[in-house]
Amino acid sequence: MHNLSRLPRPLCSWQRSPNPGHSRSHGFPLTYRPSLPLGHRQPRNPIAPHGNPHPLGKSHGVFSYRHLAAHPMHGGFVLRSLGLAPAATDPAPGNDSVDVTYRFGSTQGGLRDPHHGVEFLNSFGTPVVAAGEGVVVVAGSDRDPISPPGDWPILFYGPYANFYGNLVVIEHSPPAALFALYPDLPTPLYTLYGHLSEVLVQVGQTVQAGQLIGRVGMSGVATGNHLHFEVRLGENTYKAAHNPELWLAPHTDAQGQPTGALAGRFLNTYQVSLEIEEIVLEYLPQGPEGESAFEIALRTYEEKALLGRPPFWESFGVGDLPAGLYRLTFPLNGLRREWITIYPGQITVVTFRK
Ligand SMILES: [Zn+2]
């Protein structure tokens, strides 16, 4: 995690309401838990059932629609999680699950810079392997500027010098089938591996998916050993980072089938992306009004420049969701509840209009 100390601020405005548990909007009780850390899962259903909603039924909001997008893997492009697959000499596989307290676009409750990647928490020396086939374009430290001498502003791979410490960046060439799915996909695609303790590849080297490229460490701006992983589209710059959760190959759920992902956005009447601070996603394995099995607190990316870019045009995104029925609750013209389905190995993309 990047140790960028800032003054803490309240997590959201509900917290400042004199009587937040009893205010009402459009007949729905507002029972958000404002003190939840981002990404925290809580066991109980905080939202009282109301009315007679139907899964996939029309909401009281206007002009919402949904469609299903193929996961990049259906275009023949698969990124393996980071991947912390075991190398031949390292029998123990690493942790390849995203740290949910600091998702892409999150400030971890105002404590850090908006995150341009995801973290995989692992111990020092855990092997890091290439997430896909490609060519190494960066291998070493990010202390030196990447902009030509004399240029202003001075550019680094991160927001400033020695942010990622030792890093590797691999350039990938997505296959034509992926452009058939996403014609507006910016290319090429890069994966970035930061805070490494060791870099084991050189610039210009071709690597295969699963090939050892380095080892986990905490070089650069990091408070502990972990792998910082980024997906960059179009150019190898800090601002070109996209949500890795929408690109990594899905894990399998408890039933052995691939998980799915959700990408969403909120638009005003001028088609501009809105920022929403309190989004609750509930997994409903027992039906639309059943008890939620788990809940995830989300919010739109906390940096405007990250909102609404191709190919998914999303403002928030989350992966590793067991397939099935979910309920999404968020404030937009009052408190809105929408039922959506997550499909195995697919990304459900939703757009909600004000
Ligand atoms: Zn990070």
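Start in the interior: the largest nonpolar core has 66 residues. Such a core is a set of buried Ala, Val, Leu, Ile, Met, Phe, Trp, Tyr and Cys residues joined through C-beta atoms within 7 Å. Select Leu-167, Val-168, Tyr-193, Ile-213 and Leu-281, which have the most contacts inside this core. Next, colour strand 8, residues 189-199, the element that gives the most to the core, with 6 residues. Now show the domains, whose bounds come from an automatic or database domain assignment. The core draws at least three residues from each of domain 1 (1-6 + 17-78 + 252-354) and domain 2 (81-246).

A word on the model. It is predicted, so local features need pLDDT of at least 70 and side-chain atom pairs count only at pLDDT 80 or more, while totals for chains, interfaces and linings use all residues. Residues are numbered from 1 along each chain as its sequence is written.

Go to Ile-213. Leaving aside neighbours within four places in sequence, Ile-213 is in contact (C-beta atoms, placed from the backbone, within 7 Å) with Val-128, Val-129, Ala-130, Val-168, Tyr-193, Leu-200, Val-201 and Val-207.

Then select Gly-94, in the loop between strand 3 (65-70) and strand 4 (118-121). Gly-94 has 24 other C-beta atoms within 10 Å, so it is buried; the cut-off is 20 or more, with 12 or fewer for exposed and partly exposed in between. Add Thr-126: Gly-94 and Thr-126 are 32 residues apart in sequence and 6.3 Å apart in space, C-alpha to C-alpha.

Zoom out. The protein chain has 1 helix and 19 strands. These are DSSP runs (helices H or I, at least four residues; strands E, at least two), numbered from the N terminus. Of its 354 residues, 41% count as buried.

Note on methods. Two residues are in contact if their C-beta atoms, placed from the backbone, lie within 7 Å.
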